[in-house]
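Trainee: Got a minute to walk me through this one? I'd like to go feature by feature.

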Amino acid sequence: MKMPWQSMLYGGDYNPEQWPREVWDEDMRLFDLAHINTATVGVFAWSRLQPAEDQWEFGWMDDLMSLLERRGKQVCLGTATAAVPPWMARQYPDVLRVDFEGRQRQFGMRHNFCPNSPSYRTFAPAIAGKLAQRYKDHPGLVLWHVSNEYGGECYCPRCAAAFRRWLQQRYGSLARLNEVWNTSFWSHVFYDWDEIVPPNMLSEHGNPHNPDQTAFQGLSLDYRRFMSDSLLECYKLERDVLKEHTPDIPVTTNFMEVYKPLDYFRWAPHLDIITWDSYPRAGTDPADTAFNHDLMRGLKDGQSFLLLEQTPSQTNWQAYNALKPPGGMILQSLQAVAHGSDAAMFFQLRRSQAGCEKFHGAVIDHVGHENTRVFAECQKLGQQLAGFGDALLGSELPAEAGVVFDWENWWALDYSSGPSNDIDYVTEVRRYHKGFYDHNIPVAVTSVDADWSQYKVLVAPLLYMVSAATAAKIRQFVADGGIFLTTYLGGVVDEHDRVTLKGYPGELRDVLGIWVEELNVLLPEDEVIFTVNNPSPALQGCHSGRIVYERVHSEGAEPVAAYNNGMFAGTPAVTRHAFGQGQAWYVATSVQPAFVNQWVRDAAATAGVEALGPKQPGVECTLRRSDKGAFLFVLNHNEFPVRVALDSGWSQDLVSGKTVEAEGFTLQARQAAVFSHR
Ligand SMILES: [Zn+2]
């Protein structure tokens with residue numbers, strides 16, 4: 001849908017209900033100073049808007065909305081449903097969750113509602129409807145913000161009943177359910193739906209040191225799917241009500257990077273635009289933040305997104321809440337824009353006086369005036385974003401390389417007992433993504449269900465769970481000329497976490513041209529060494545693998561590297577299989593970044609995928625393109641200046657407003673430039 005804004009969104013969460021009325025006018029003055037054009041309001045205001053079941057207090061919100069209107073500010077309006085009010089918990093205890101340990105929660109915290117509570121599912125859409133009815137004609141309303149950072153789980157009797165209904169819908173019969181869960185194992189055959197209980201610490205999970213450990217992967221996996229769907233249902237109930245009143249206002253809810261409990265790919269089609277909250281820790285590799293942005297952009301197949309929250313200075317909830325260094329916040333904001341964001345928004349605009357977020361940074365600090373370093377930086381960013389005008393809005397980042405990320409695969413891997421606790425899906429995916437990032441090769445993050453036709457190179461690390469449909473897609477991708485790579489444990493199970501029999505890697509055996517006979521586990525201090533014995537211009541030398549390594553037999557694939565040591569010395573560690581017009585690679589251990597980097601360079605050269613700029617440590621390049629033009633972002637993440645040389649033709653830095661020849665220019669420490677084409 002068409003987004004109703006004409007420039008980059010700049011502002012953030014604003015909670016004036018925590019402040020006396022006279023402070024609001026001062027806030028408006030400071031917003032103007034900082035070039036803030038958008039305020040997110042009402043996100044945690046349920047108890048102020050609805051003090052009792054039959055009592056509504058919209059006066060203060062009316063006042064706030066007209067104040068924002070008079071000052072020409074856009075509004076991202078929260079539906080206030082992320083934290084239930086105390087009266088609701090007391091009168092309607094079904095809104096309260098039962099936790100993983102089986103304890104009935106009392107009122108407190110936020111995200112404190114049971115997603116299958118009939119009361120919550122009545123009250124939440126009701127307040128969303130009231131807000132929509134009241135503010136539907138407000139000229140500044142540009143975005144609906146449903147709830148906030150949905151998450152968590154519930155194990156109450158209502159969720160148990162809903163889970164049984166969800167299972168009946170999915171499997172149709174107990175016979176089918178018993179088959180896919182393999183319930184003959186440990187005497188689990190179910191003869192009545194009511195015998196099925198949610199998997200938590202009182203049932204299938206019991207190890208306090210490893211809560212993921214479950215006796216029944218199929219059951220636990222389905223509960224995760226069900227819980228993600230249950231929270232999505234809550235979102236959709238509110239979304240539907242909002243759409244009745246304001247069909248042209250986009251609706252969203254804010255995501256949290258690789259947040260494990262929710263399958264964001266399943267959520268994305270129900271959001272008009274993806275929005276998310278970025279809180280990198282001090283010392284986070286900028287490549288990891290880039291991955292998060294690429295994932296968010298990938299959720300809706302490349303559509304631009306909004307950075308809805310970040311801190312201007314520091315968080316309060318991490319172990320070490322270091323300040324962002326001078327220039328760091330602007331650089332991180334422009335990195336979001338470089339990866340497809342049409343916004344740079346903060347949590348929050350004025351720092352809370354009390355509550356657990358009083359040490360969370362804000363644009364306006366406790367001192368209350370504009371004479372702070374952080375405010376000055378916010379002002380500078382506001383000016384820069386305003387300078388972009390509408391040039392970047394909705395523009396895309398073309399990519400011919402893709403990295404597959406799959407939530408269900410992640411859940412299944414972590415639920416599996418063995419082979420090693422060190423197996424980490426997200427780390428493995430990030431490592432391959434970083435291979436492209438380090439070379440400044442544009443890369444997208446994609447799902448197993450997405451259209452892959454734009455990609456020439458596709459990497460699916462640790463793709464342990466492979467359905468017949470996914471295998472068919474991979475086969476087709478390679479047959480059509482694509483270069484595909486997967487790794488150890490690839491293709492081992494189907495979508496129910498049942499091993500695909502007759503040899504690993506199951507459904508991928510033919511396309512990869514291999515049989516994996518066995519897998520050995522390395523202790524944390526051990527590694528396996530392998531040597532590339534079939535070098536190409538980019539791929540050569542000795543490398544190491546960790547965590548696990550497998551014994552691979554070629555069934556048509558060409559061995560590219562062989563182990564030097566370990567039980568499988570002399571057998572292939574890396575294989576390449578010519579299949580149709582393309583090639584399918586298998587990497588049988590958890591390889592270190594040096595090999596990934598070589599492989600990416602080799603694959604890109606073979607496929608004719610080009611980099612945007614030279615590979616230079618700490619220097620990141622991306623390209624956004626639309627009918628308004630092409631824009632090359634160059635970001636220096638280093639603590640020192642760098643000299644960058646780019647192709648001629650790029651000039652006019654949008655950030656500084658100056659004409660700069662990109663052929664040879666200097667970027668200061670933590671500085672970014674955005675070039676347009678001459
Ligand atoms: Zn529940």
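Mentor: Sure. Start with strand S21, residues 619-626. Six of its eight residues are buried, so S21 is largely enclosed by the rest of the structure. Keep in mind that this is a predicted model.

Trainee: Which strand is S21 bridged to, and which way do they run?

Mentor: S21 is joined to strand S22, residues 629-636, by eight bridges. The two run antiparallel.

Trainee: What do S21 and S22 form, and how many residues lie between them?

Mentor: A hairpin, with two residues between the strands.

Trainee: Give me one pairing to check. What is the bridge partner of glutamate 620?

Mentor: Leucine 635, in S22.

Trainee: New topic, the metal. Which residues are the protein donors of the zinc ion?

Mentor: Four cysteines, each through SG: Cys114, Cys154, Cys156 and Cys159. They lie 2.3 Å from the zinc ion.

Trainee: What geometry does the zinc site have?

Mentor: Tetrahedral, with angles of 101 to 115° among the four donor atoms.

Trainee: And what spacing do the donors follow along the chain?

Mentor: C-x39-C-x1-C-x2-C. Cysteine 114 and cysteine 159 link distant parts of the chain, 45 residues apart. Cysteine 114 is in the loop between helix H4 (86-91) and helix H5 (118-135), while cysteine 159 is in helix H6, residues 157-171.

Trainee: Are those two cysteines buried or exposed?

Mentor: Cysteine 114 counts as buried, because its relative accessibility is 0%. Cysteine 159 is buried as well, with a relative accessible area of 0%.

Trainee: Let's do the aromatics. How many aromatic pairs are there?

Mentor: The count comes to 37 aromatic pairs. One of them is tyrosine 235 with tryptophan 267. Their centres are 6.1 Å apart and the planes are at 40°, a tilted pair.

Trainee: Where do tyrosine 235 and tryptophan 267 sit in the chain?

Mentor: Tyrosine 235 is in helix H8 and tryptophan 267 in helix H9, residues 264-267. They are 32 residues apart, and the pair links distant parts of the chain. Tyrosine 235 is buried at 0% relative accessibility. Tryptophan 267 is also at 0%, so it counts as buried.

Trainee: Got another? What about the rings of tyrosine 264 and tryptophan 407?

Mentor: Their centres are 5.3 Å apart and their planes are at 65°. The cut-off for edge-to-face is over 60 degrees, so this pair is edge-to-face.

Trainee: Which parts does that pair tie together?

Mentor: Helix H9, which holds tyrosine 264, and helix H13 (residues 407-415), which holds tryptophan 407. Those parts are 143 residues apart in sequence. Tyrosine 264 is buried, at 0% relative accessible area. Tryptophan 407 is buried too, with 0%.

Trainee: Which charged residues sit over rings?

Mentor: Two examples. Arginine 350 lies over the face of tryptophan 19, 5.3 Å from the ring centre. Lysine 358 has its charged end over the ring of phenylalanine 359, 5.0 Å from the centre.

Trainee: Back to tryptophans. Is tryptophan 186 buried or exposed?

Mentor: Exposed, with a relative accessible area of 59%. Tryptophan 186 is in the loop between helix H7 (174-181) and helix H8 (217-245).

Trainee: What is tryptophan 186 in contact with, leaving aside neighbours within four places in sequence?

Mentor: Ala215 and Phe216.

Trainee: Now the backbone. Which peptide bonds should I look at for cis?

Mentor: Glycine 418 to proline 419 is cis, with omega near 0°. Proline 419 is in the loop between H13 and helix H14 (425-438). Tyrosine 504 and proline 505 are also joined by a cis bond, omega about 0°. That proline 505 is in the loop between strand S13 (483-487) and helix H16 (509-512).

Trainee: And what is the phi of methionine 109?

Mentor: Positive, about 60°, although methionine 109 is not a glycine. Methionine 109 is in the loop between H4 and H5. It is exposed, at 70% relative accessible area.

Trainee: What about leucine 462?

Mentor: Leucine 462 has a positive phi of about 50°, and is not a glycine either. Its place is the loop between strand S12 (457-460) and helix H15 (468-479). Leucine 462 is buried, at 0% relative accessibility.

How values were computed: Residues are numbered from 1 along each chain as its sequence is written. This is a predicted model: local features need pLDDT of at least 70, side-chain atom pairs count only at pLDDT 80 or more; totals for chains, interfaces and linings use all residues. Side-chain values use heavy atoms; hydrogens and water are left out. Helices (H or I, at least four residues) and strands (E, at least two) are DSSP runs, numbered from the N terminus. Buried means under 20% relative accessible area, exposed over 50%, partly exposed in between (1.4 Å probe, protein chains only). Contact means heavy atoms within 4.5 Å. Rings of Phe, Tyr and Trp (its six-membered ring) pair if their centres lie within 6.5 Å; planes under 30 degrees apart count as stacked, over 60 as edge-to-face and the rest as tilted. A charge sits over a ring if NZ of Lys or CZ of Arg is within 6 Å of the ring centre and within 35 degrees of the ring normal. Donors are N, O and S atoms within 2.8 Å of the metal (3.2 Å for Na, K and Ca); water is not among the atoms, so sites may look incomplete. Four donors count as tetrahedral if all angles lie between 85 and 135 degrees; four count as square planar and six as octahedral if opposite donors are over 155 degrees apart and all others between 65 and 115; anything else is irregular. Two strands pair if DSSP finds at least two bridges between them.
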